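Q: Please pick one part of this structure and take me through it closely, step by step. I would like to see how the pieces connect to their surroundings.

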Amino acid sequence: MLPLHSFLQTLFQFVRALVVNVSKQMHRNAAVLTAGCMVVSVVAFSSTGFGGSGRNALAAYTQVHPGDEDELEQELESLSFGEGLGEGLLVQEVDAEAFADAALPASDGMNSIEAAGFGDSGQTGFEESGLLAEVKTQDVEASSDIGQALIGDVLEQDTKMKLESERTVRERVGQAQKEIRMKQVADAAEKAAEEVRKKEEEARKAALRIPYSEQDYQVMLKIVQAEAGGCDSTGKILVANVIMNRVRSKQFPDNITSVVYERSQFSPVSNGSINRVKVTQDTIDCVNRALDGEDYSQGALYFMNRKASYSGNVRWFDGRLTFLFSHGGHEFFR
């Protein structure tokens, strides 16, 4: 019986290893199937003399020698269905049920299929997965709507900013154009005013110019050098202005030479120093400017150097003439 018992154990362990994570009913079916296989195996092996060297138990019973009755009786008892095979099947079924129970979770009694697909509420895992997928789909749609709304807001803000920027640019361009036009008008007005001033200055200079000859020109150079050779340019021009004012005045001769050489009018003529001076380039330039109409004299007809003049002449200037201004040691009168 040991080979049969080992075979059955091996078969049961093999079947037991195959049925993993199945239901309790499947465990019961597997146990019944195993028991059926055991019965078929017992009958088949008994008929072919398995474990009996080609003789079955019944044949062996007929050939029992005296004294072997006890052993035959024990062997038959072990093969009886009620005490042997039936109890073995019962044990195998109990083991199958225990194995099925052991395969169940101890907490809530659900088997692996229930844990994978069914819950207490009767909904399957697939149904729950569908609900979760639906919820996730709704979340995605909501997120998509929110994203589209945010994108819309951003685009709207960007459009507003572009419009504001374009409006600002147009305003700046308009302001710049207005400023340019105003500047052009101001420049044109200033240019026109400058033209007017130039024309007025030209007219004034033309009025101040006097006709003169080459002799008049040389006399003017000498008297200016003699009277104001140590003065600045304005001082030299002022001396030339006084001589020209006299030429234009009815109180004096009408030409430069006659005005300069009039009796007792200029000290360099009286003492002869007018003929000894050496005319400088600065004096020439100042005389040319005066003859061209540059005038600072305010209409003065007289000038004197108070420190170098006789006291009688000083008293005459102070008593008879109107003081205008002084420059470079000379005092100018009218």
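A: Let's start with a cut-off: a residue is called buried when its relative accessible area is under 20%, exposed when it is over 50%, and partly exposed in between. Please keep in mind that this is a predicted model.

The part I have picked is a network of salt bridges that links Arg 306, Asp 318 and Glu 331. By way of background, side chains of opposite charge can pair when their charged atoms come close.

Which residue does Arg 306 meet with N and O atoms 2.8 Å apart? The partner is Glu 331, and 2.8 Å is the separation of the closest N and O atoms in this salt bridge. Arg 306 sits in the loop between β1 and α13, while Glu 331 belongs to strand β3 (residues 330-333), so their pairing ties together parts that are 25 residues apart in sequence. Is Glu 331 buried or exposed? Its relative accessible area is 16%, so Glu 331 counts as buried.

The other salt bridge of the network joins the side chains of Arg 306 and Asp 318, at 3.0 Å from N to O. Asp 318 is a residue of helix α13 (residues 311-320) and Arg 306 is in the loop between β1 (302-304) and α13, so this pair ties together parts 12 residues apart in sequence. With a relative accessibility of 32%, Arg 306 counts as partly exposed. Asp 318 is partly exposed too, with a relative accessible area of 43%.

Now for the sheet beside this network. Strand β3, where Glu 331 lies, has the middle place in an open three-stranded sheet with the order β1-β3-β2 and antiparallel pairing. At the edges are β1 and β2 (323-327), each of which pairs on one side only. Neighbouring strands are turned against each other by 25 degrees on average, direction ignored. Four bridges make up the antiparallel pairing of β2 with β3, and His 327 stands opposite His 330 of β3.

From here we can step into the nonpolar core. The largest such core has 38 residues, and Met 220, Ile 243 and Ile 256 have the most contacts inside it. Among the elements that each supply at least two of its residues are β1, α13 and β3, along with α8 (214-228), α9, α10 (256-260) and α12 (281-291). The largest share, eight residues, comes from α9. Of the 16 residues in α9, 13 are buried, and this helix is mostly covered. Its length makes sense as well: at 1.5 Å a residue, helix α9 (residues 233-248) should span 22 Å, and the 23 Å between its end C-alpha atoms agrees with that. Ile 256 touches, leaving aside neighbours within four places in sequence, Ile 210, Tyr 212, Asp 216, Met 220, Ile 243, Val 247 and Leu 291.

To round off the picture, here is another salt bridge, out of the 11 in the structure. Lys 183 and Asp 187 meet through their side chains at 3.0 Å, N to O. Both lie in helix α7 (residues 125-208), four residues apart, or about one turn of the helix. An α-helix has 3.6 residues a turn, so residues three or four places apart point the same way. Lys 183 counts as exposed at 52% relative accessibility, whereas Asp 187 is partly exposed at 35%.

Notes
Residues numbered from 1 in each chain as written. Predicted model: local features only at pLDDT ≥ 70, side-chain atom pairs only at ≥ 80, totals over all residues. Heavy atoms only, no water. Expected span 1.5 Å × (residues − 1). Buried < 20%, exposed > 50% of the residue type's maximum accessible area, 1.4 Å probe, protein only. Salt bridge = Lys/Arg side-chain N within 4 Å of Asp/Glu carboxyl O. Core = buried A, V, L, I, M, F, W, Y, C linked by side-chain atoms within 4.5 Å. Contact = heavy atoms within 4.5 Å. Pairing = 2+ DSSP bridges. Axes fitted to C-alpha atoms, helices over the stretch in contact; angles between N-to-C directions.
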